[in-house]
Amino acid sequence: MKRFALPLTAALLAATSLTALPAAAQTVLSLDEVPVGELDPGKASDYADSLLMFNVYDTLVLPAQGEPGYSPHLAESWEIDGNDFVVTLRQDVTFQSGNAMTAEDVVFSYDRIKALGQGLSFLFANVTGIEAVDDHTVRFSLDEPYSPFIASLVRLPIVDKQLVMDNLAEGDDEMGDWGEAFLSDNGAGTGAYVVVSHNPQEETVMEKNPDYFLGVPDAAPDTVRLRYGLEAATVRTLIAQNEHDISSQWLPPEVLRSLAGTGAQLLQETGGGAFYVKLNTTKAPLDDVNCRRALVSAFDYEAALQMVAITDEAAQGSPSTGAIPVGMFGANPADQILTRDMDAAREYLEACEYDPADFTLELSWIAEVPIEERFALLMQSNFSELGFNAQIQRVPWAMFTDLVTNPETTPHVSQIFVNAVTGDPDTLLYPMYHSSVAGTWQSPEYLDDAEVDELLERGRTAMTDEERDEAYSALNARLMDLAATIYGYDRQSIFAASNRVNVPALSSPEYAFGVDGMGFSFRLMEMTAE
Amino acid sequence: MSPVLRLLAKRLVTSMIVLIGVSMLIFSIARVIPGDPARIALGPNATAEQVENLRERLHLNEPLPVQYGHFVADLARGDLGISLYTNRPVTRDIAQFLPATLELIFVAGLMMIVIGLPLGALSARYRHTWADNTIRMVSLLGVSAPAFVWAVILMLLFAYFLPIFPIAGRIANMHVVPSITGFLLVDTLVAGNLRAFGSAVSHIVLPAFALALSGIGQAARLTRSNMVETYDRPYIEMAQAYGFPERRIARRYAFRPSMIPSMTIIGLDFAAMLGNAFLVEAVFAWPGLSRYGVAAILRKDLNAIVGTVLCISALFLIVNIIVDLITAYINPRIRHSQRA
Amino acid sequence: MQRTLYILLRNPMSMLGLLLVFIVVFSAIFADFIAPFPAHRGAVVDFANFNRAPEWPYIFGTDLVGRDIFTRIIYAFRISLMLGAVVLVIAVPIGVTIGLLAGYLGGWTEYVLMRLTDVFLSIPPLVLAMSIMGVLQPTLTNGMLAVTAMWWPWYTRLVYNITRSEKEEGYVLAAEVIGASRLHVMFREILPNCVPSILTKMTLDLGFVILIASSLSFLGLGVQPPTPDLGSMVAEGATYLPDSWWLTVFPGLAILVAVFGFNLVGDALRELLGADQ
Amino acid sequence: MTAPTLRISDLRLGFRRWAGTVEVLHGISMHIRKGERVALVGESGSGKSVTARIVLGLLQQVRSARISGLVEFEGQNLDTLSARDRARLRGTAMSMIFQDPTSSLNPVYTIGVQFHEVLRRRDPRLKMAEARQRAARALADVAIPNPDRVLDSYSFQLSGGMNQRVMIAMALANEPSLLLADEPGTALDVTVQAQTLRLMRDLVEEHDTSVLFISHNLGVVREFADRVYVIYKGRIVEHGPADSLFEDPRHPYTQALMRAVPRLTGGGIPDIEDVSEAYFAPLVVHEGCGEPEGAA
């Protein structure tokens with residue numbers, strides 16, 4: 001035995017030293033996200049999914065860079081015709097398969113999203129029909145005036161109908177499986193990057209699409225490796241060693257801080273979202289508004305911000321001013337920040353019909369987001385000053401989405417991060433507070449308030465910015481009064497990145513997109529030398 | 001029929017029975033999971049109707065034995081269902097993740113045997129000396145910490161403070177190796193890409209060693225104690241009386257016979273690595289079946305849980321059968337039982 | 001007895017083991033008096049002192065919300081020992097009874113019970129415990145349950161083997177001849193002969209139960225915060241490697257120390273019992 | 001006069017234990033001339049087996065053993081030899097037969113392989129095929145009818161008597177000048193034991209091998225040995241020619257041993273319950289049996 005142990009060790013060492021040789025000439029961008037990466041654009045909802053979607057597929061419009069509003073992308077132009085929207089398509093776009101993109105594909109993509117009913121299909125709830133007027137014109141019919149519709153188009157990726165139909169598998173529908181099996185493994189878009197290999201829990205490898213209709217700059221990475229589920233410690237070291245380029249936004253602040261300390265750059269995305277502590281309004285003692293107000297006042301906003309501070313310039317959050325993130329319609333001014341007020345908290349508690357000693361609050365935190373555990377501990381300690389016992393529960397994300405479907409199993413306190421998926425306050429607030437959508441991961445409050453419903457409707461149907469701002473301001477005040485949510489802080493997504501890559505969309509405000517994940521359009525990134 | 005074949009047949013039959021038992025056990029466990037797998041699968045925005053449809057499709061509304069029936073029928077066709085989380089066939093997910101785990105376990109097992117057995121043998125040959133005491137202490141230390149503690153310590157020492165080895169993954173980013181067997185150590189060699197092979201080797205050293213440490217300790221301890229016992233056997237004294245060199249006695253008279261009782265336990269240890277791989281893969285971001293399994297458990301992904309546990313148990317049984325065959329090979333009593 | 005003591009005291013390894021076990025048990029029992037910050041075992045948040053490297057008075061540093069890691073390790077010992085003890089107290093009687101029944105009664109009882117045992121033994125222990133924890137809510141009680149479920153078969157196997165050889169012994173035959181009931185033979189005649197082996201295995205196992213339980217909580221399937229637990233401390237700290245190394249290294253070493261101590265003592269005991277036979 | 005094959009003089013042995021040193025041999029002296037068969041008789045624990053192991057040089061390796069006195073093999077003081085040189089004598093010039101033949105053979109190798117190893121002690125370059133031929137001849141010498149089958153067998157496939165013959169064949173295969181036989185065949189049944197002993201006696205006579213025969217079985221000793229030493233608790237108490245000693249036991253312990261004989265029909269251990277002070281009486285040497293003078 002001993003005799004071959006030595007040569008083996010020697011072989012191992014020799015093999016190890018071989019890796020020190022120089023790297024290949026192609027530029028490779030390596031980044032990571034939380035698993036799983038859902039490649040099917042009809043099911044895309046999480047960050048990783050969006051990232052894949054924005055690069056493999058294109059949408060009719062794009063958010064404008066560095067300013068509000070939307071600019072045409074696959075669409076050449078659009079116009080509003082009553083409740084309807086009529087979109088004219090570009091004629092020079094081909095899919096990665098070589099098929100030309102036509103109105104048929106847009107109709108198919110829309111129908112597919114509606115049929116699957118997953119992902120963000122709810123964005124199109126008030127679309128009543130779609131019609132290909134000719135090869136390059138599509139008409140969307142809506143049941144009411146709906147101003148955020150153009151914004152919703154950012155979540156309507158256009159799928160190659162011909163390719164999907166060629167690869168249809170059996171299913172319950174007349175359309176078979178709507179290409180579910182095929183699209184969960186393969187790309188069928190027009191996007192700037194082509195899927196080379198895809199494993200939803202490990203990594204997706206993509207390469208430049210040489211025939212992209214806008215062309216892909218040379219500086220953009222030749223190959224992109226999107227890896228799923230890397231540990232924070234791993235990412236930290238890989239970036240420091242220049243073996244990894246961009247981290248996910250879920251790195252804890254300490255890790256980001258030490259990376260910044262080793263010279264890594266910090267990328268920033270302000271997607272119009274916040275850290276929310278949701279209170280279950282159907283469960284005693286939180287069915288009493290005064291008990292909720294007591295908690296809202298007792299929460300230590302300053303400590304929470306301190307926890308997410310990274311460097312003097314960068315933080316994962318900025319002070320919250322109310323129910324709507326600063327910068328959106330209806331938001332309070334930036335200097336009107338929420339603070340802890342124990343006196344007020346005790347007064348509210350007096351007015352509450354329950355005795356805190358009779359209850360143990362369930363404080364849940366999402367297992368995949370380690371920082372939430374610290375918020376849970378913070379709240380446990382904050383609320384105990386009011387006399388509430390609290391029990392901390394670690395809940396995996398998938399469990400959480402199931403628990404909240406029933407008010408009974410929904411914890412007293414849930415913590416979530418929500419961003420406006422299209423950049424519009426409607427897509428942020430409607431899914432959280434409208435009584436018709438209670439009991440999703442975004443709405444564990446089970447809020448049922450006629451005034452809130454009314455204001456939400458008003459906000460989405462108002463056609464001028466002033467009207468919308470007014471509606472959302474009123475909503476903001478009403479939500480603060482109802483105290484169904486503790487608005488922890490306005491969220492900033494911070495990504496650590498190596499110095500091998502430039503990402504204008506995530507580093508300078510004039511190039512920023514107002515939509516989550518859009519900053520990760522790889523074609524707009526630049527690989528620097530090395 | 002030769003005795004070895006007879007043994008093999010007998011073990012295969014019991015293994016099948018056990019595997020059926022395991023499948024029933026794990027199936028019942030997985031089905032009493034609180035929470036609605038259909039709801040979890042469809043994600044946060046699905047409607048009640050969609051959930052109900054999926055429940056229907058997954059037979060979730062039928063009694064447990066009927067569900068099991070469906071499961072067995074599907075299994076017979078090599079179908080373990082769709083992972084509710086990755087939306088892909090579980091068999092395909094397993095096929096994709098299994099090679100990484102097998103590779104890790106195989107290398108760790110090799111380390112266990114190549115390091116653990118000689119250490120134990122050395123310890124036994126120089127029993128009650130300082131060398132023996134040191135080896136015993138070290139091997140006990142090896143057994144005394146869970147694999148994840150070793151993983152963290154090794155990572156700190158040899159990936160962070162002395163950056164000799166890479167800290168995570170199976171291979172460096174720049175290498176793209178066509179997957180033939182799924183075993184990177186093999187695929188890189190087949191591709192003739194020595195640098196990729198080197199990268200794969202350097203990536204596997206730390207995780208495999210962390211995984212192997214307790215096995216090394218266990219193997220060394222076991223080898224020592226069985227060998228020390230064997231040293232009391234009359235044939236050792238006879239060998240000494242004939243003046244055979246001590247080395248030869250240690251190898252042929254003490255070590256080899258002592259391996260017969262050791263093999264079974266070492267087999268068990270080897271199989272226990274299948275479980276411990278969960279801990280190591282988590283630390284080293286090793287994209288293997290264990291990580292897949294943990295994710296499945298945390299996400300209540302029914303089919304994936306059942307599939308993973310069944311697969312691991314089957315592997316466990318296969319390893320045990322192989323160990324039995326090796327034991328039969330080194331133990332002439334089994335090989336030649338018909339003449340006894 | 002004298003000789004036993006002599007052997008224990010002469011061997012530096014068993015002395016070390018006794019010392020480690022003493023430290024662990026003593027600090028677990030008197031945690032309230034030893035721990036510098038007893039309140040830190042629960043949900044305390046102290047942002048002035050979070051994530052500190054080891055320095056006085058935080059000799060093992062502080063965690064990310066400012067709690068003293070040394071204090072939490074001491075309280076974690078308490079939880080681990082309790083868990084280990086409870087698991088063995090439940091698992092051993094179950095395992096032993098099944099082993100006795102299978103070994104003594106034979107026939108179909110034996111076949112069914114031993115195949116059942118095989119089923120449990122052929123799922124790697126950690127995987128079994130994990131599957132169970134996946135079903136149940138991760139709490140201390142359920143953690144104990146899961147570990148118990150994977151532990152009893154080993155005692156079944158041990159007792160089964162002893163019983164099978166003992167039941168051919170003269171004293172058992174004699175008891176049967178004078179018409180003793182099967183229960184009497186199993187529990188009064190055979191069981192006492194299994195006791196030494198069972199006890200030795202239990203000492204060794206205490207360390208391993210702690211080890212497995214910490215593995216479960218490492219995977220997030222064990223004791224829940226803010227209850228201090230060594231496995232989850234390592235898991236949570238691992239995110240912050242290598243900068244905040246004290247978050248993982250000290251709890252990791254604490255596991256090592258506790259398990260190593262019990263193993264040393266268990267080893268010494270086994271050698272003693274072996275020598276006496 | 002040539003040096004005796006073996007001469008032991010004032011041999012003492014003690015073991016260090018936790019409670020101090022335990023004395024096992026209190027200064028025994030004995031000798032064996034060439035071709036002579038000498039028996040060392042005593043109860044178990046009297047020190048007879050350790051004597052054989054000292055002669056082989058095995059006990060010298062045990063760290064807790066304290067040995068003093070002289071052991072001379074063919075005129076050579078074993079103490080002056082290096083461990084390596086002592087090892088060189090084993091299996092070539094001296095060999096040994098053990099109590100339980102079956103468990104003294106390695107269970108994982110065939111008899112043929114083990115024979116090969118034994119033969120290579122004398123002839124390190126010996127090829128397997130040739131070893132096999134020689135082994136077959138040696139086995140034929142011990143009246144094994146089917147040597148080839150035996151060579152391909154493992155010890156557990158053979159009967160105890162067969163294994164005993166194998167052991168004898170092995171022990172004599174390298175034509176040693178001294179054969180140490182420690183309770184040979186005690187584990188076998190009486191008739192088989194007698195048969196194999198007779199075989200062994202014939203062979204040593206033929207080869208003129210000196211034998212140290214260690215036994216507690218007086219019946220066997222009487223039949224086999226020329227000369228007898230009786231050992232009691234680490235001391236030689238009586239020494240004489242076999243005939244004379246058996247007819248006229250003079251030491252109280254020997255007498256007690258003789259009285260126990262009828263009870264030993266099964267070949268079991270002599271059963272002398274009453275320990276008498278008289279057993280510690282000084283050594284009795286029969287006429288003409290003195291120890292040779294010190295190193296000439």
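How many residues lie between β4(A) and β5(A) in their hairpin, and which residue in the turn has a positive phi? In this predicted model, the hairpin leaves two residues between the strands, and G82(A) is the turn residue with a positive phi, about 65°. On either side of that turn, β4(A), residues 75–81, runs antiparallel to β5(A), and the pairing takes in six bridges. One of the facing pairs puts D81(A) opposite D84(A) of β5(A).

The other partner of interest for β5(A) is β7(A), which covers residues 137–142. Here too the pairing is antiparallel, this time over four bridges, with V87(A) sitting opposite V138(A) in β7(A). Strand β5(A) itself, residues 84–89, has one covered face and one uncovered face. F85(A), V87(A) and L89(A) make up the covered face, while D84(A), V86(A) and T88(A) make up the uncovered one. That back-and-forth fits the usual picture, in which side chains of a regular strand alternate between the two faces of the sheet. Put together, V87(A) belongs to the covered face and stands across from V138(A), whereas D84(A) belongs to the uncovered face and stands across from D81(A).

Chain B is a helical affair: 14 helices and zero strands. Its C-alpha atoms fill a box of roughly 85 × 55 × 40 Å along the principal axes, and 55% of its 340 residues are buried. Of the contacts in chain B between residues at least 6 apart in sequence, 72% link residues at least 24 apart.

The chain splits into two domains, with domain 1 built from residues 1–85 plus 303–340 and domain 2 from 90–298. Going by C-alpha atoms, the centres of domain 1 and domain 2 of chain B are 27 Å apart. Where they touch, 22 residues of domain 1 of chain B contact 19 residues of domain 2. The domain 1 side of that contact comprises twelve nonpolar, nine polar and one charged residues.

Within chain B, α11(B) and α12(B) come within 8 Å of each other, axis to axis, and cross at roughly 95°. With angles of 65 to 115 degrees counted as roughly perpendicular, that is therefore how these two helices are oriented to each other. From α11(B), the residues involved are A277(B), F278(B), E281(B) and A282(B), and they meet S290(B), R291(B), G293(B) and V294(B) of α12(B). By class, this contact holds four nonpolar, two polar and two charged residues.

Chain B also packs against chain C, with 41 residues of chain B in contact with 36 of chain C. On the chain B side, α1, α6, α7, α11, α12 and α13 each put in at least two residues. Helix α11(B) gives the largest share, nine residues. The chain B side of this interface counts 35 nonpolar, five polar and one charged residues.

Chain D offers another helix crossing. Helix α3(D), residues 111–122, and helix α4(D), residues 128–141, have axes that come within 9 Å and cross at roughly 95°. These two are therefore roughly perpendicular to each other. G112(D), F115(D), H116(D) and L119(D) of α3(D) meet M128(D), A131(D), R132(D), R134(D) and A135(D) of α4(D). The contact residues sort into five nonpolar, two polar and two charged.

Technical notes. Residues are numbered from 1 along each chain as its sequence is written. Chains are lettered from A and ligands numbered from 1 in the order in which they are written. This is a predicted model: local features need pLDDT of at least 70, side-chain atom pairs count only at pLDDT 80 or more; totals for chains, interfaces and linings use all residues. Axes are lines fitted to C-alpha atoms, for helices over the stretch in contact, and angles run from 0 to 180 degrees between N-to-C directions. Angles under 35 degrees count as roughly parallel, over 145 as roughly antiparallel, 65 to 115 as roughly perpendicular and the rest as oblique. Two residues are in contact if their C-beta atoms, placed from the backbone, lie within 7 Å. Ala, Val, Leu, Ile, Met, Phe, Trp, Tyr, Cys and Pro count as nonpolar, Asp, Glu, Lys and Arg as charged, and the others, Gly among them, as polar. Domain bounds come from an automatic or database domain assignment. A residue is buried if 20 or more other C-beta atoms lie within 10 Å of its own, exposed if 12 or fewer, and partly exposed in between; C-beta atoms are placed from the backbone. Two strands pair if DSSP finds at least two bridges between them.
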